[in-house]
Amino acid sequence: MPTKIIRSEADLAINGAPPAFEKPLHVGRPNIGNREAFLQRVNQILDNQWLTNNGPMVQEFERRIAAHLGVKHCIAMCNGTVALEIAIRALGLEGEVIVPSWTFVATAHALYWQGITPVFADIDPTTHNLDPAAVRRMITPRTTGIIGVHLWGRAAPIDELQTIADEHGLKLLFDAAHAFGSTYKGQTIGRFGACEVLSFHATKSFNTFEGGAIVTNDDELAETARLMHNFGFSGYDNVIHPGTNGKMIEVCAAMGLTNLDSHAEVIEGNKHNHAAYTAGLANVPGITVLAYDPYEQNSHHYVVLEVAEKCVATRDKVVAALQAENVLARKYFWPGAHKMKPYRDLFPHASVMLTNTERLGASVIVLPSGMAMTEEAIQICCTIIRTAGNT
Ligand code: T4K
(Lines give C-alpha, C1' and ligand atoms only; values in the text may rest on other atoms or scores of the structure.)
Protein backbone atom coordinates (compact mmCIF):
# COMPACT_ATOMS: atom_id res chain seq x y z
CA MET A 1 0.00 0.00 0.00
CA PRO A 2 1.10 3.59 -0.65
CA THR A 3 3.47 5.16 1.82
CA LYS A 4 3.50 8.84 0.81
CA ILE A 5 1.60 11.70 -0.75
CA ILE A 6 2.99 13.23 -3.94
CA ARG A 7 2.41 16.97 -4.11
CA SER A 8 5.31 18.15 -6.23
CA GLU A 9 8.21 16.97 -8.36
CA ALA A 10 10.41 16.75 -5.24
CA ASP A 11 8.11 14.03 -3.82
CA LEU A 12 8.83 11.69 -6.75
CA ALA A 13 11.07 8.69 -6.02
CA ILE A 14 12.90 9.42 -9.28
CA ASN A 15 14.16 12.53 -7.46
CA GLY A 16 15.25 10.69 -4.34
CA ALA A 17 12.03 10.46 -2.26
CA PRO A 18 10.97 7.00 -0.97
CA PRO A 19 8.81 4.96 -3.39
CA ALA A 20 5.01 5.28 -3.21
CA PHE A 21 4.50 1.52 -3.12
CA GLU A 22 6.39 -0.94 -0.96
CA LYS A 23 5.56 -3.90 -3.18
CA PRO A 24 5.67 -3.68 -6.98
CA LEU A 25 2.47 -3.14 -8.95
CA HIS A 26 2.68 -5.28 -12.07
CA VAL A 27 1.12 -5.09 -15.50
CA GLY A 28 -0.31 -8.54 -16.16
CA ARG A 29 -1.06 -9.58 -12.57
CA PRO A 30 -3.09 -12.78 -13.02
CA ASN A 31 -6.82 -12.76 -12.30
CA ILE A 32 -7.58 -15.83 -10.22
CA GLY A 33 -11.17 -17.03 -9.83
CA ASN A 34 -12.76 -19.05 -7.03
CA ARG A 35 -9.89 -20.86 -5.32
CA GLU A 36 -12.11 -23.52 -3.71
CA ALA A 37 -13.75 -24.37 -7.03
CA PHE A 38 -10.33 -24.65 -8.66
CA LEU A 39 -8.91 -26.86 -5.91
CA GLN A 40 -11.98 -29.07 -6.09
CA ARG A 41 -11.36 -29.56 -9.80
CA VAL A 42 -7.69 -30.33 -9.12
CA ASN A 43 -8.75 -33.01 -6.64
CA GLN A 44 -11.09 -34.42 -9.26
CA ILE A 45 -8.15 -34.60 -11.72
CA LEU A 46 -6.01 -36.40 -9.16
CA ASP A 47 -8.85 -38.82 -8.34
CA ASN A 48 -9.38 -39.50 -12.05
CA GLN A 49 -5.67 -40.14 -12.59
CA TRP A 50 -6.04 -38.49 -15.95
CA LEU A 51 -3.61 -35.59 -16.21
CA THR A 52 -3.39 -34.77 -19.91
CA ASN A 53 -4.14 -36.10 -23.44
CA ASN A 54 -7.69 -34.97 -24.10
CA GLY A 55 -8.95 -35.58 -20.58
CA PRO A 56 -12.44 -34.72 -19.34
CA MET A 57 -11.50 -31.23 -18.08
CA VAL A 58 -10.00 -30.27 -21.44
CA GLN A 59 -13.04 -31.63 -23.25
CA GLU A 60 -15.38 -29.64 -21.02
CA PHE A 61 -13.18 -26.56 -21.41
CA GLU A 62 -13.26 -26.82 -25.21
CA ARG A 63 -17.05 -27.22 -25.21
CA ARG A 64 -17.53 -24.24 -22.93
CA ILE A 65 -15.14 -21.96 -24.82
CA ALA A 66 -16.77 -22.84 -28.16
CA ALA A 67 -20.23 -22.13 -26.69
CA HIS A 68 -19.03 -18.91 -25.04
CA LEU A 69 -17.66 -17.61 -28.35
CA GLY A 70 -20.43 -19.03 -30.53
CA VAL A 71 -17.98 -20.97 -32.68
CA LYS A 72 -18.07 -24.59 -33.85
CA HIS A 73 -14.61 -25.78 -32.84
CA CYS A 74 -12.16 -25.02 -30.07
CA ILE A 75 -8.91 -26.95 -29.93
CA ALA A 76 -7.23 -26.14 -26.62
CA MET A 77 -3.43 -25.89 -26.68
CA CYS A 78 -0.47 -25.56 -24.34
CA ASN A 79 0.01 -21.87 -25.20
CA GLY A 80 -0.91 -19.23 -27.76
CA THR A 81 2.41 -19.36 -29.61
CA VAL A 82 2.19 -23.09 -30.34
CA ALA A 83 -1.47 -22.61 -31.30
CA LEU A 84 -0.35 -19.94 -33.80
CA GLU A 85 2.38 -22.22 -35.17
CA ILE A 86 -0.08 -25.06 -35.63
CA ALA A 87 -2.68 -22.79 -37.26
CA ILE A 88 -0.04 -21.45 -39.67
CA ARG A 89 1.05 -24.98 -40.57
CA ALA A 90 -2.49 -26.34 -40.83
CA LEU A 91 -3.30 -23.55 -43.29
CA GLY A 92 -0.25 -24.45 -45.39
CA LEU A 93 1.30 -20.97 -45.23
CA GLU A 94 4.76 -20.55 -46.74
CA GLY A 95 6.96 -17.89 -48.36
CA GLU A 96 5.89 -14.53 -46.92
CA VAL A 97 3.07 -13.67 -44.55
CA ILE A 98 2.04 -10.10 -43.74
CA VAL A 99 1.81 -9.19 -40.05
CA PRO A 100 1.95 -6.02 -37.98
CA SER A 101 5.25 -5.25 -36.30
CA TRP A 102 3.20 -3.57 -33.56
CA THR A 103 2.40 -6.78 -31.64
CA PHE A 104 4.02 -9.16 -29.18
CA VAL A 105 6.99 -10.76 -30.92
CA ALA A 106 5.33 -14.21 -30.79
CA THR A 107 3.19 -13.28 -33.82
CA ALA A 108 6.31 -12.90 -35.97
CA HIS A 109 8.20 -15.74 -34.29
CA ALA A 110 5.42 -18.24 -35.01
CA LEU A 111 6.11 -17.67 -38.72
CA TYR A 112 9.88 -17.31 -38.71
CA TRP A 113 10.31 -20.39 -36.52
CA GLN A 114 8.75 -22.34 -39.39
CA GLY A 115 10.90 -20.85 -42.16
CA ILE A 116 8.26 -18.30 -43.24
CA THR A 117 9.23 -14.63 -43.63
CA PRO A 118 7.09 -12.25 -41.58
CA VAL A 119 6.62 -9.11 -43.66
CA PHE A 120 5.69 -6.15 -41.48
CA ALA A 121 2.93 -3.75 -42.49
CA ASP A 122 2.23 -0.45 -40.77
CA ILE A 123 -0.71 0.29 -38.51
CA ASP A 124 -3.47 2.84 -38.15
CA PRO A 125 -2.26 5.12 -35.35
CA THR A 126 -5.76 5.60 -33.93
CA THR A 127 -6.67 1.91 -33.58
CA HIS A 128 -3.11 0.44 -33.31
CA ASN A 129 -4.26 -2.27 -35.75
CA LEU A 130 -3.11 -3.13 -39.29
CA ASP A 131 -3.77 -0.46 -41.90
CA PRO A 132 -5.34 -2.24 -44.91
CA ALA A 133 -3.65 0.17 -47.37
CA ALA A 134 -0.27 -0.68 -45.84
CA VAL A 135 -1.06 -4.40 -46.14
CA ARG A 136 -1.76 -3.98 -49.86
CA ARG A 137 1.63 -2.30 -50.30
CA MET A 138 3.46 -5.29 -48.84
CA ILE A 139 1.95 -8.01 -51.08
CA THR A 140 4.46 -9.76 -53.39
CA PRO A 141 4.27 -12.93 -55.50
CA ARG A 142 5.65 -14.83 -52.48
CA THR A 143 2.83 -13.72 -50.12
CA THR A 144 0.57 -16.56 -48.99
CA GLY A 145 -1.26 -15.08 -46.04
CA ILE A 146 -2.11 -12.28 -43.63
CA ILE A 147 -2.21 -12.48 -39.85
CA GLY A 148 -4.32 -9.70 -38.37
CA VAL A 149 -3.82 -8.99 -34.67
CA HIS A 150 -6.70 -7.70 -32.56
CA LEU A 151 -4.40 -5.51 -30.51
CA TRP A 152 -5.52 -4.55 -27.02
CA GLY A 153 -8.66 -6.59 -27.76
CA ARG A 154 -9.85 -4.14 -30.43
CA ALA A 155 -10.76 -6.02 -33.59
CA ALA A 156 -8.48 -5.59 -36.60
CA PRO A 157 -10.22 -4.25 -39.75
CA ILE A 158 -11.59 -7.71 -40.47
CA ASP A 159 -13.79 -6.96 -43.49
CA GLU A 160 -11.12 -4.95 -45.28
CA LEU A 161 -8.47 -7.61 -44.64
CA GLN A 162 -10.84 -10.35 -45.86
CA THR A 163 -11.44 -8.38 -49.07
CA ILE A 164 -7.68 -8.10 -49.67
CA ALA A 165 -7.18 -11.79 -48.90
CA ASP A 166 -9.97 -12.78 -51.31
CA GLU A 167 -8.69 -10.52 -54.08
CA HIS A 168 -5.18 -11.97 -53.88
CA GLY A 169 -6.00 -15.59 -52.99
CA LEU A 170 -4.38 -15.28 -49.55
CA LYS A 171 -5.20 -17.09 -46.32
CA LEU A 172 -6.34 -14.85 -43.49
CA LEU A 173 -6.13 -15.73 -39.82
CA PHE A 174 -6.19 -13.69 -36.64
CA ASP A 175 -3.99 -13.51 -33.60
CA ALA A 176 -6.75 -12.98 -31.05
CA ALA A 177 -4.45 -13.32 -28.04
CA HIS A 178 -5.85 -10.08 -26.54
CA ALA A 179 -9.41 -10.46 -27.73
CA PHE A 180 -11.12 -13.09 -25.61
CA GLY A 181 -14.70 -11.80 -25.25
CA SER A 182 -14.26 -8.92 -27.73
CA THR A 183 -16.67 -8.27 -30.58
CA TYR A 184 -16.49 -7.04 -34.16
CA LYS A 185 -19.67 -5.44 -35.49
CA GLY A 186 -21.45 -7.03 -32.57
CA GLN A 187 -20.23 -10.57 -33.28
CA THR A 188 -17.87 -12.33 -30.92
CA ILE A 189 -14.25 -12.65 -32.02
CA GLY A 190 -13.44 -16.30 -32.78
CA ARG A 191 -15.41 -16.83 -35.98
CA PHE A 192 -13.45 -14.63 -38.39
CA GLY A 193 -10.92 -15.50 -41.08
CA ALA A 194 -9.93 -19.14 -41.57
CA CYS A 195 -9.40 -19.36 -37.81
CA GLU A 196 -8.51 -17.27 -34.80
CA VAL A 197 -5.88 -17.99 -32.17
CA LEU A 198 -6.35 -17.22 -28.49
CA SER A 199 -3.84 -16.97 -25.66
CA PHE A 200 -4.77 -17.86 -22.09
CA HIS A 201 -1.40 -16.88 -20.63
CA ALA A 202 -1.27 -15.92 -16.94
CA THR A 203 -1.07 -12.24 -17.88
CA LYS A 204 -4.25 -12.23 -19.98
CA SER A 205 -7.66 -11.15 -18.68
CA PHE A 206 -8.70 -14.78 -18.82
CA ASN A 207 -6.00 -17.33 -18.03
CA THR A 208 -5.34 -21.05 -17.77
CA PHE A 209 -1.83 -20.51 -16.25
CA GLU A 210 -0.38 -21.09 -19.73
CA GLY A 211 -2.68 -21.96 -22.59
CA GLY A 212 -4.14 -21.09 -25.92
CA ALA A 213 -6.60 -22.33 -28.52
CA ILE A 214 -7.45 -22.39 -32.17
CA VAL A 215 -11.11 -21.55 -32.74
CA THR A 216 -12.78 -21.95 -36.11
CA ASN A 217 -15.99 -22.81 -37.92
CA ASP A 218 -14.03 -24.79 -40.53
CA ASP A 219 -14.50 -28.54 -39.89
CA GLU A 220 -11.56 -29.66 -42.00
CA LEU A 221 -9.13 -27.14 -40.51
CA ALA A 222 -10.26 -28.06 -37.00
CA GLU A 223 -9.64 -31.73 -37.69
CA THR A 224 -6.15 -31.05 -39.09
CA ALA A 225 -5.23 -28.80 -36.15
CA ARG A 226 -6.52 -31.39 -33.69
CA LEU A 227 -4.37 -34.09 -35.29
CA MET A 228 -1.33 -31.81 -35.41
CA HIS A 229 -1.50 -30.90 -31.73
CA ASN A 230 -1.31 -34.57 -30.74
CA PHE A 231 1.49 -35.98 -32.92
CA GLY A 232 -0.99 -36.73 -35.72
CA PHE A 233 -2.58 -39.58 -33.76
CA SER A 234 -5.99 -40.80 -34.84
CA GLY A 235 -6.74 -43.39 -32.17
CA TYR A 236 -4.20 -45.82 -30.71
CA ASP A 237 -1.08 -46.54 -32.78
CA ASN A 238 -2.45 -44.80 -35.85
CA VAL A 239 -0.54 -41.72 -36.96
CA ILE A 240 -2.12 -40.15 -40.04
CA HIS A 241 -0.52 -36.71 -40.02
CA PRO A 242 2.78 -35.09 -39.04
CA GLY A 243 2.33 -33.37 -35.72
CA THR A 244 3.74 -32.03 -32.50
CA ASN A 245 2.78 -31.83 -28.84
CA GLY A 246 0.54 -28.82 -28.41
CA LYS A 247 -1.87 -30.27 -25.89
CA MET A 248 -3.40 -28.42 -22.95
CA ILE A 249 -3.10 -30.29 -19.65
CA GLU A 250 -6.00 -31.01 -17.30
CA VAL A 251 -4.94 -28.65 -14.53
CA CYS A 252 -4.84 -25.74 -17.01
CA ALA A 253 -8.34 -26.58 -18.20
CA ALA A 254 -9.46 -26.67 -14.54
CA MET A 255 -8.08 -23.14 -14.10
CA GLY A 256 -9.83 -22.07 -17.30
CA LEU A 257 -13.19 -23.51 -16.27
CA THR A 258 -12.89 -21.77 -12.92
CA ASN A 259 -11.84 -18.42 -14.40
CA LEU A 260 -14.54 -18.55 -17.04
CA ASP A 261 -17.12 -18.33 -14.26
CA SER A 262 -15.66 -15.03 -13.06
CA HIS A 263 -14.57 -13.47 -16.34
CA ALA A 264 -17.61 -11.15 -16.49
CA GLU A 265 -16.62 -9.81 -13.08
CA VAL A 266 -13.03 -9.28 -14.28
CA ILE A 267 -14.31 -7.29 -17.26
CA GLU A 268 -16.40 -5.07 -14.97
CA GLY A 269 -13.34 -4.47 -12.76
CA ASN A 270 -11.22 -3.64 -15.80
CA LYS A 271 -13.82 -1.21 -17.11
CA HIS A 272 -13.84 0.51 -13.76
CA ASN A 273 -10.01 0.71 -13.72
CA HIS A 274 -9.91 2.03 -17.27
CA ALA A 275 -12.47 4.73 -16.47
CA ALA A 276 -10.61 5.70 -13.28
CA TYR A 277 -7.32 6.09 -15.17
CA THR A 278 -9.06 8.04 -17.95
CA ALA A 279 -10.64 10.44 -15.46
CA GLY A 280 -7.47 10.73 -13.39
CA LEU A 281 -5.37 11.62 -16.43
CA ALA A 282 -7.79 13.96 -18.17
CA ASN A 283 -6.27 17.36 -18.94
CA VAL A 284 -2.60 16.36 -18.78
CA PRO A 285 -1.25 18.05 -21.91
CA GLY A 286 0.13 15.48 -24.35
CA ILE A 287 -0.98 12.42 -22.36
CA THR A 288 -4.02 10.35 -23.38
CA VAL A 289 -5.46 7.03 -22.32
CA LEU A 290 -6.34 5.01 -25.42
CA ALA A 291 -10.14 4.78 -25.57
CA TYR A 292 -11.99 1.57 -26.39
CA ASP A 293 -14.67 1.50 -29.08
CA PRO A 294 -17.88 2.14 -27.12
CA TYR A 295 -19.93 0.14 -29.67
CA GLU A 296 -17.97 -3.10 -29.20
CA GLN A 297 -17.30 -5.48 -26.32
CA ASN A 298 -13.76 -5.56 -24.97
CA SER A 299 -12.27 -6.93 -21.77
CA HIS A 300 -10.66 -3.48 -21.12
CA HIS A 301 -7.66 -5.48 -19.93
CA TYR A 302 -5.02 -3.12 -21.26
CA VAL A 303 -4.75 0.47 -20.06
CA VAL A 304 -2.64 2.04 -22.79
CA LEU A 305 -1.21 5.50 -22.37
CA GLU A 306 0.19 7.61 -25.18
CA VAL A 307 2.73 10.29 -24.36
CA ALA A 308 2.80 12.63 -27.36
CA GLU A 309 5.82 14.61 -28.48
CA LYS A 310 4.18 17.79 -27.24
CA CYS A 311 4.17 16.47 -23.65
CA VAL A 312 6.67 18.25 -21.41
CA ALA A 313 8.14 14.89 -20.33
CA THR A 314 9.24 12.05 -22.58
CA ARG A 315 7.59 8.63 -22.46
CA ASP A 316 10.78 7.18 -21.01
CA LYS A 317 10.84 9.74 -18.23
CA VAL A 318 7.24 8.91 -17.27
CA VAL A 319 8.08 5.18 -17.25
CA ALA A 320 11.20 5.81 -15.17
CA ALA A 321 9.15 7.88 -12.70
CA LEU A 322 6.54 5.10 -12.38
CA GLN A 323 9.12 2.35 -12.01
CA ALA A 324 10.98 4.29 -9.33
CA GLU A 325 7.70 4.30 -7.36
CA ASN A 326 7.45 0.51 -7.81
CA VAL A 327 4.78 0.82 -10.51
CA LEU A 328 6.21 -1.54 -13.10
CA ALA A 329 4.59 0.00 -16.17
CA ARG A 330 5.61 -1.54 -19.50
CA LYS A 331 6.49 -0.15 -22.92
CA TYR A 332 4.55 -2.84 -24.84
CA PHE A 333 5.37 -3.40 -27.71
CA TRP A 334 8.40 -1.16 -28.02
CA PRO A 335 10.51 -1.11 -30.13
CA GLY A 336 8.31 -3.12 -32.53
CA ALA A 337 9.16 -6.60 -33.77
CA HIS A 338 10.99 -5.15 -36.81
CA LYS A 339 13.57 -3.61 -34.49
CA MET A 340 14.25 -6.81 -32.58
CA LYS A 341 17.45 -8.54 -33.60
CA PRO A 342 16.18 -11.42 -35.75
CA TYR A 343 13.96 -9.11 -37.81
CA ARG A 344 16.27 -6.10 -37.76
CA ASP A 345 18.88 -8.33 -39.40
CA LEU A 346 16.29 -9.47 -41.95
CA PHE A 347 14.91 -6.02 -42.78
CA PRO A 348 17.44 -3.32 -41.81
CA HIS A 349 15.41 -0.61 -43.61
CA ALA A 350 11.92 -1.60 -42.41
CA SER A 351 11.53 1.70 -40.53
CA VAL A 352 10.87 3.52 -43.81
CA MET A 353 7.55 1.68 -44.23
CA LEU A 354 6.62 1.63 -40.54
CA THR A 355 6.37 5.26 -39.55
CA ASN A 356 3.21 4.93 -37.43
CA THR A 357 4.64 1.85 -35.71
CA GLU A 358 7.81 3.74 -34.86
CA ARG A 359 5.93 6.79 -33.58
CA LEU A 360 3.73 4.66 -31.34
CA GLY A 361 6.70 2.62 -30.22
CA ALA A 362 8.21 5.78 -28.79
CA SER A 363 5.05 6.97 -27.05
CA VAL A 364 3.18 4.04 -25.48
CA ILE A 365 3.01 2.92 -21.85
CA VAL A 366 0.87 0.06 -20.51
CA LEU A 367 -0.29 0.56 -16.92
CA PRO A 368 -1.13 -1.99 -14.22
CA SER A 369 -4.77 -3.06 -14.17
CA GLY A 370 -6.79 -6.19 -13.33
CA MET A 371 -8.51 -7.35 -10.15
CA ALA A 372 -5.43 -6.69 -7.99
CA MET A 373 -5.59 -2.91 -8.56
CA THR A 374 -7.39 -0.72 -6.05
CA GLU A 375 -9.01 2.65 -6.73
CA GLU A 376 -6.49 4.27 -4.38
CA ALA A 377 -3.52 2.71 -6.19
CA ILE A 378 -4.88 4.00 -9.52
CA GLN A 379 -5.26 7.52 -8.13
CA ILE A 380 -1.64 7.45 -6.92
CA CYS A 381 -0.43 6.14 -10.30
CA CYS A 382 -2.29 9.04 -11.94
CA THR A 383 -0.69 11.54 -9.55
CA ILE A 384 2.76 10.17 -10.38
CA ILE A 385 2.05 10.43 -14.11
CA ARG A 386 0.57 13.93 -13.80
CA THR A 387 3.52 15.16 -11.75
CA ALA A 388 6.15 13.53 -13.97
CA GLY A 389 4.25 14.47 -17.15
CA ASN A 390 4.09 18.15 -16.24
CA THR A 391 7.76 18.54 -15.38
N1 T4K B 1 0.20 -12.84 -29.66
C2 T4K B 1 0.06 -11.74 -28.88
C3 T4K B 1 -0.51 -10.50 -29.47
C4 T4K B 1 0.44 -11.80 -27.53
O5 T4K B 1 0.31 -10.71 -26.74
C6 T4K B 1 0.96 -13.01 -27.01
C7 T4K B 1 1.40 -13.07 -25.63
C8 T4K B 1 1.06 -14.12 -27.87
C9 T4K B 1 0.67 -13.99 -29.19
C10 T4K B 1 1.61 -15.44 -27.42
O11 T4K B 1 0.76 -16.09 -26.51
P12 T4K B 1 1.41 -17.09 -25.39
O13 T4K B 1 2.30 -18.06 -26.11
O14 T4K B 1 2.17 -16.24 -24.40
O15 T4K B 1 0.20 -17.76 -24.81
C16 T4K B 1 3.92 -11.37 -21.58
C17 T4K B 1 3.36 -12.75 -21.74
O18 T4K B 1 4.32 -13.76 -21.43
C19 T4K B 1 2.79 -13.01 -23.09
O20 T4K B 1 1.92 -14.11 -22.95
C21 T4K B 1 1.96 -11.84 -23.58
N22 T4K B 1 1.52 -12.02 -24.95
C23 T4K B 1 2.78 -10.58 -23.50
C24 T4K B 1 1.98 -9.38 -23.91
O25 T4K B 1 3.17 -10.36 -22.16
P26 T4K B 1 6.36 -10.64 -21.06
O27 T4K B 1 7.67 -11.05 -21.59
O28 T4K B 1 6.08 -9.20 -20.94
O29 T4K B 1 6.06 -11.39 -19.68
P30 T4K B 1 6.61 -11.14 -18.22
O31 T4K B 1 7.12 -12.40 -17.69
O32 T4K B 1 7.51 -9.94 -18.21
O33 T4K B 1 5.29 -10.81 -17.40
C34 T4K B 1 4.57 -9.62 -17.61
C35 T4K B 1 4.16 -9.03 -16.26
O36 T4K B 1 3.20 -9.86 -15.66
C37 T4K B 1 5.28 -8.87 -15.26
O38 T4K B 1 5.33 -7.51 -14.92
C39 T4K B 1 4.91 -9.68 -14.07
C40 T4K B 1 3.47 -10.08 -14.28
N41 T4K B 1 3.25 -11.50 -13.98
C42 T4K B 1 3.61 -12.43 -14.91
C43 T4K B 1 3.37 -13.77 -14.65
C44 T4K B 1 3.78 -14.80 -15.66
C45 T4K B 1 2.67 -11.84 -12.79
O46 T4K B 1 2.36 -10.97 -11.96
N47 T4K B 1 2.41 -13.18 -12.54
C48 T4K B 1 2.73 -14.16 -13.43
O49 T4K B 1 2.44 -15.33 -13.19
O50 T4K B 1 5.26 -11.32 -21.98
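These notes cover the ligand site and some backbone features of a predicted model.

1. Where the ligand sits. The ligand takes up the space of the largest pocket. Its shell draws on both domains: domain 1 (9-29 + 262-389) and domain 2 (35-259) each give at least three residues. Two helices also deserve a look here, since α3 (80-90) and α4 (106-112) each supply at least two residues of that shell.

2. What surrounds the ligand. There are 24 residues around the ligand, and those that come nearest are Arg 29, Thr 81, Asp 175, His 178 and Tyr 332. By character, the shell divides into 12 polar, eight nonpolar and four charged residues.

3. Polar contacts with the ligand. Two side chains place a polar atom by a nitrogen atom of the ligand: for Asp 175 the distance is 2.7 Å, and for Lys 204 the distance is 2.8 Å. Arg 330 has a polar side-chain atom 2.9 Å from an oxygen atom of the ligand. As for cover, the ligand taken alone exposes 930 Å², of which the protein buries 76%.

4. Cis peptide bonds. Most peptide bonds are trans. The bond from Tyr 332 to Phe 333 is cis, with omega near -5 degrees. Tyr 332 is also among the residues that come nearest to the ligand, so a reader inspecting the site will meet this bond there. Phe 333 itself lies in the loop between β13 (327-328) and α10 (341-346). A cis peptide bond also joins Trp 334 and Pro 335, where omega is about 0 degrees. Pro 335 is found in the loop between β13 and α10.

5. A positive phi. Most residues other than glycine have a negative phi. Asn 53 has a positive value, with phi near 65 degrees. Where is Asn 53 found? Asn 53 is in the loop between α1 (35-48) and α2 (56-69).

6. Points to check in the viewer. For the ligand, begin with the side chains of Asp 175, Lys 204 and Arg 330. For the backbone, look at the cis bonds from Tyr 332 to Phe 333 and between Trp 334 and Pro 335, then at the positive phi of Asn 53.

Technical notes: Residues numbered from 1 in each chain as written. Predicted model: local features only at pLDDT ≥ 70, side-chain atom pairs only at ≥ 80, totals over all residues. Heavy atoms only, no water. Near = heavy atom within 4 Å. Polar contact = N/O pair within 3.5 Å; in protein donor to acceptor, adjacent residues only side chain to side chain. Areas by Shrake-Rupley, 256 points an atom, 1.4 Å probe, with all protein chains shown as cover. 1 Å grid on protein atoms, 1.4 Å probe; cavity = no way out; pocket = protein on both sides within 12 Å on 5 of 7 lines; lining within 4 Å. Sits in = over half its atoms within 2 Å of the grid points. Helix = DSSP H or I, 4+ residues; strand = E, 2+ residues; numbered from the N terminus. Nonpolar A, V, L, I, M, F, W, Y, C, P; charged D, E, K, R; others polar. Domains from an automatic or database assignment.
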